[in-house]
Amino acid sequence: MSSLTEKDRPVVQLLLNTGTCPRCILRFCCVGSQVLYRHPYKDLMKDLQEFLKNSQEKEGTVCLDGVDPPCKRMRLEHTEEGPDELNHNGVFQQDPSVDDGNAAMASSAGTVCNVCLGILQEFCEADFVKKVCQKVTSADYQFTSFVFSVSLPPQLSVRETAVQVIISFLFRNLGLSLAKDDIVQLKEAYKWIIHPQLSEELGVPADGKSLFEVSVVFAHPETDEECHFLATACPDCFKPAKNKQSVFTRMAVIKALEKIKEEDFLKHFPCPPSSPKNVCDALEIQCSNGAVFVAGRYNKYSRNLPQTPWIIDGERKLESSVEELISEHLMAEFKADSFNFSSSGREDVDVRTLGNGRPFAMELVNPRRIHFTAEEMKRLQQAINDSSDKIQVRDLQLVTRSAIGRMKEGEEEKTKTYSALIWTDRAIQREDIAFLDDIKELKLDQKTPLRVLHRRPLAVRCRIIHTMRSEYIDEHHFRLHLKTQAGTYIKEFVHGDFGRTKPNIGSLLNRTADILELDVESVDVDWPPALDN
């Protein structure tokens, strides 16, 4: 049994008289029973009226039926004497010993609550719940649970502060104190009411850890008008921000309420708050799914294909990219809003990636479809591979966000294997290049290459060539197989980049050398796990 006691009577009477809804009254009486808030609005109003009537007839406790004990409490403490009447600057004054509840009933019935602005009234009813569920259903998401979030008008904090002030004054007269931490937050009460209804309509449970979010954004036309006095009293709390239509954000208002003195608050805002002219508006009902992550490895067989879209000054240089050839299919199947592509390193547009391919991951933002079997992922992989002869994908699989970190872990300590076709200006014989095979752990100093200086900071990076193996072709050509530290600029190691990479193949051979072709033969990152393709 959850109860209102005699100490709650002046609060109930005061708030009912000033246009506060029954559920907000329960909040300020620190009633923590979730079940009680779900009772029909009219029943709660009758219960409160009966409570006022009965509490005049006898002292003690009057209980509201069918509910569990409260998890919140009102602490009774003797405090210093306060003023006898709250009559300064428009503060409501009344004798709590008079009023049988009838006037209170008439005042609150059928009016917009002066605290929650109607959120705990009409927006808890079945019609609004059905409206939310229709929005969810029409959005066509896959989900097995949901988390519900709500955004409230900033002036609700102002109105709640006004109620707390008046109750504090009232309690001081009675020798009590208000434990503000025990007041049930509006969002909490609203979710207690709305969660069971949404669960029943949607057929899935509410779960705070769910990746599927249903959100409602409430707005009120009088927000700026009611919060304006705070900007005058605490101007440093309100600064224009990008993408914000109003400076009166919830956090800014809360910050200002913490700073403003109580006497200044009383001068500018009625306590208790006056009845609003309008009810809240459910401005937006939105759905979103948490991101889904797909990983795999790709081979690139074209020497005319960038990894990501090649666009300079708004002009596309090449018609496609590795990223686009893969994402086109994933976006369509997952029905996502957007994506973010990442990989273990990158190759130049004219470099092929062979062997087992390069690890990549794709974050699919707000996907409508999230459940795929292993067979469906295989078919998706095959569709990507059938769509182009420029790339191939393997080991395509769903992964977690945290797993993607393995792709980047110790990236510079990983090794990569390359095959480079090299040209020399002066004729060479086999014996001229044979010594390269004996070089191990060659340390390089690589100044940021000229070709990437426009997008990377100027620095000297120390890199290591672990091993080299040469294949003689003719007097001016040979192929060099290299195993290097990840992040090594291979092209610059060959031609020297005007002396910015030391040593280099040109300086080792004592002649001019240049690179004609480069292939990545392996990226030694053991992720994602290999699949039976």
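Start with the whole chain in cartoon view: there are 17 helices and 17 strands to find your way through. Keep in mind that this is a predicted model. Colour by burial and you'll see that buried residues make up 49% of the 533 residues. If you switch on contacts with a separation of 6 or more, 81% of them turn out to join residues 24 or more positions apart.

**Stop 1: helix H6**

Select residues 126-139. That's helix H6, with 14 residues. From its first C-alpha to its last it reaches 20 Å, close to the 20 Å expected at 1.5 Å a residue.

Now show side chains. Which residues of H6 are buried? Pick out Phe-128, Val-129, Val-132, Cys-133 and Val-136. They sit on the same side of H6, because the arc they cover around the axis is only 135 degrees. Roll the helix over to its other side and you'll meet the exposed residues Asp-127, Gln-134, Thr-137 and Ser-138.

Add the neighbours next: the buried residues of H6 pack against helix H8 (186-202), strand E4 (212-219) and strand E5 (281-289).

Step just past the end of H6 and stop at Asp-140, in the loop between H6 and strand E3 (147-151). Its phi is near 60 degrees, a positive value in a residue other than glycine. Why pause there? Most residues other than glycine have a negative phi. Asp-140 is partly exposed, with a relative accessible area of 48%.

**Stop 2: helices H13 and H12**

Go to residues 374-387, helix H13. This one has 14 residues and a reach of 20 Å from first C-alpha to last, close to the expected 20 Å.

Highlight Met-377, Leu-380, Gln-381, Ile-384 and Asn-385, which are buried. Look down the axis of H13: these buried residues fall within an arc of 135 degrees, so they line one face of the helix. On the other side of H13, Arg-379 and Asp-386 are exposed. The buried residues pack against E6, H12 and strand E11 (391-399).

To follow that packing into H12, select His-329, which is found in this helix (residues 322-334). Is His-329 buried or exposed? Its relative accessible area is 18%, so it counts as buried. Leaving out residues up to four places away in sequence, His-329 touches Leu-380, Ala-383, Ile-384 and Ser-387. Try a distance label from His-329 to Ile-384: they are 55 residues apart along the chain, yet their C-alpha atoms are separated by 6.5 Å.

**Stop 3: Arg-297 and Pro-528**

Strand E6 (residues 292-300) is where you'll find Arg-297. Despite its charged side chain class, don't look for Arg-297 on the outside: at 8% relative accessibility, it counts as buried. Draw a line from Arg-297 to Pro-528, and you'll cross 7.7 Å, C-alpha to C-alpha, between residues 231 apart in sequence.

Stay on Pro-528, in the segment after E17. Zoom in on the bond that joins Trp-527 to Pro-528, a cis peptide bond with omega of about -5 degrees.

**Stop 4: another cis bond and another positive phi**

Where is Pro-503? Look in the loop between strand E16 (501-502) and helix H17 (505-509). The peptide bond from Lys-502 to Pro-503 is cis, with omega near -15 degrees. For context, most peptide bonds are trans.

Carry on to Asn-510, in the loop between H17 and E17. Asn-510 has a phi near 60 degrees, a positive value in a residue other than glycine. At 58% relative accessibility, Asn-510 counts as exposed.

**Last stop: the largest pocket**

Turn on a surface and look for the largest pocket, with a volume of about 1,000 Å³. To centre your view, select Arg-346, Asp-348, Arg-455, Arg-456 and Tyr-489: of the 35 residues that line the pocket, these are the closest to its centre. Then colour the elements that give two or more residues to the lining: strand E7 (311-312), strand E12 (415-424), strand E14 (460-474), helix H16 (490-495) and strand E17 (513-523).

What is the lining made of, by class? You'll count 14 nonpolar, seven polar and 14 charged residues.

Note on methods. Residues are numbered from 1 along each chain as its sequence is written. This is a predicted model: local features need pLDDT of at least 70, side-chain atom pairs count only at pLDDT 80 or more; totals for chains, interfaces and linings use all residues. Side-chain values use heavy atoms; hydrogens and water are left out. Helices (H or I, at least four residues) and strands (E, at least two) are DSSP runs, numbered from the N terminus. The expected span of a helix is 1.5 Å times one less than its number of residues. Buried means under 20% relative accessible area, exposed over 50%, partly exposed in between (1.4 Å probe, protein chains only). The arc is that of the directions from the helix axis to the C-beta atoms. Contact means heavy atoms within 4.5 Å. On a 1 Å grid over the protein atoms alone, a cavity is a set of points where a 1.4 Å probe fits but cannot get out, and a pocket is an open set with protein on both sides within 12 Å along at least five of seven lines; lining residues have an atom within 4 Å of a point. Grid points are joined across faces, edges and corners, and a volume is the space filled by probe spheres set on the points.
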